[in-house]
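Q: I am new to this structure and should be grateful for a close look at one part of it. Please begin from a single residue and then widen the view to its surroundings.

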Amino acid sequence: MSRSEDRAKIVDLCLRLLARREHSAQELLRKLTARGFDAELTREVIDALRSRGWQDDARFVESFVRSRLQRGHGPLRVRFELRGKGVDDAVIEAVLAEMAPDWSEAAARACRRKFGDGPASDRNEYARRWRFLARRGFDSEQIRSVLDKP
């Protein structure tokens with residue numbers, strides 16, 4: 001198969017993937033190289049898509065953060081998952097600063113959804129709620145703001 005045919009297939013596959021949902025550049029690269037496409041050619045195509053605005057890591061981060069907020073995940077987990085998807089820390093921090101999500105409110109929603117409106121009845125219940133929110137990726141300050149409310 002010629003390089004131009006491979007390029008056309010890579011472009012087509014990238015556009016189909018991006019039509020479903022936003023992807024990071026690294027995600028696209030991983031998916032396409034896993035299908036046997038040349039990594040260098042794939043990077044060239046992704047760079048071309050970026051220059052046209054069809055792929056944008058910042059837009060991916062914004063979409064990802066909104067999705068994770070809806071699921072009740074905290075900033076530690078969100079950052080960890082985004083790094084795993086190959087997004088640069090500077091992009092993550094810039095988008096989070098621009099979005100300025102209320103992580104304490106997200107922690108409160110997640111806690112209410114799981115445990116209801118009432119406060120923890122005893123120390124064991126308090127610890128159980130703390131562990132739940134910590135696993136969701138909230139830091140101790142955010143957890144404390146939720147659990148120590150009267």
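Leaving aside its neighbours within four places in sequence, with which residues is Arg-68 in contact?

A: The model is a predicted one. Within it, Arg-68 is in contact with His-73, Val-78 and Glu-81, once neighbours within four places in sequence are set aside. Arg-68 itself belongs to helix 4, which spans residues 57–71. Is Arg-68 buried or exposed? Its relative accessible area is 12%, and because buried means under 20%, Arg-68 counts as buried.

Helix 4 also has a part in the surroundings of helix 6: what covers the buried residues of helix 6 includes helix 4, helix 5 and helix 7. The buried residues in question are Ile-92, Val-95 and Leu-96. Viewed down the axis of helix 6, they fall within an arc of 100°, and therefore line one face of that helix. A general point about spacing is useful here. An α-helix has 3.6 residues a turn, so residues three or four places apart point the same way. The face of helix 6 turned away from the buried side carries the exposed residues Ala-90, Ala-97 and Glu-98.

Helix 6 is followed by Ala-100, which has a positive phi near 45°. Ala-100 has this positive phi although it is not a glycine. Most residues other than glycine have a negative phi. Ala-100 is placed in the loop between helix 6 and helix 7, and it is exposed, with a relative accessible area of 55%.

On the other side of helix 6 in sequence is the loop between helix 5 and helix 6, where Lys-85 lies. Lys-85 is partly exposed, its relative accessible area being 22%. Not counting residues up to four places away in sequence, Lys-85 touches Ser-24, Gln-26, Glu-27, Arg-30, Phe-60 and Phe-64. One of these, Glu-27, is 58 residues from Lys-85 in sequence, yet the two are 5.9 Å apart in space, C-alpha to C-alpha. Their side chains are joined by a polar contact of 3.3 Å.

Glu-27 is part of helix 2 and is buried, with a relative accessible area of 7%. Its side chain also makes a polar contact of 3.0 Å with the side chain of Arg-21. Beyond neighbours within four places in sequence, Glu-27 is in contact with Arg-21, Glu-22, Phe-60 and Lys-85.

Helix 2 (residues 25–34) has a further partner in helix 3 (residues 39–51): the axes of the two come within 10 Å and cross at roughly 145°. This crossing is right-handed. Helix 2 contributes Ala-25, Leu-28, Leu-29, Leu-32 and Thr-33 to the contact, while helix 3 contributes Ala-39, Thr-42, Arg-43, Ile-46 and Arg-50. By class, the residues of this contact are 6 nonpolar, 2 polar and 2 charged.

Helix 5 and helix 7, already met beside helix 6, appear again around helix 9. The buried residues of helix 9 pack against helix 5 (75–84), helix 7 (103–115) and helix 8 (123–135). In helix 9 (residues 140–147), the buried residues are Gln-142, Ile-143, Val-146 and Leu-147. Seen down the axis, these residues fall within an arc of 120°, so they line one face of helix 9. The N-terminal end of helix 9 is capped by Asp-139, a side-chain oxygen of which lies 3.1 Å from the backbone nitrogen of Glu-141.

Conventions. Residues are numbered from 1 along each chain as its sequence is written. This is a predicted model: local features need pLDDT of at least 70, side-chain atom pairs count only at pLDDT 80 or more; totals for chains, interfaces and linings use all residues. Side-chain values use heavy atoms; hydrogens and water are left out. Axes are lines fitted to C-alpha atoms, for helices over the stretch in contact, and angles run from 0 to 180 degrees between N-to-C directions. Helices (H or I, at least four residues) and strands (E, at least two) are DSSP runs, numbered from the N terminus. A crossing is left-handed if the near helix is turned anticlockwise from the far one by less than a right angle, and right-handed if clockwise. Contact means heavy atoms within 4.5 Å. Ala, Val, Leu, Ile, Met, Phe, Trp, Tyr, Cys and Pro count as nonpolar, Asp, Glu, Lys and Arg as charged, and the others, Gly among them, as polar. Buried means under 20% relative accessible area, exposed over 50%, partly exposed in between (1.4 Å probe, protein chains only). A polar contact is a pair of N or O atoms within 3.5 Å; within protein, one must be able to donate a hydrogen and the other to accept it, and residues adjacent in sequence count only if both atoms are side-chain atoms. The arc is that of the directions from the helix axis to the C-beta atoms.
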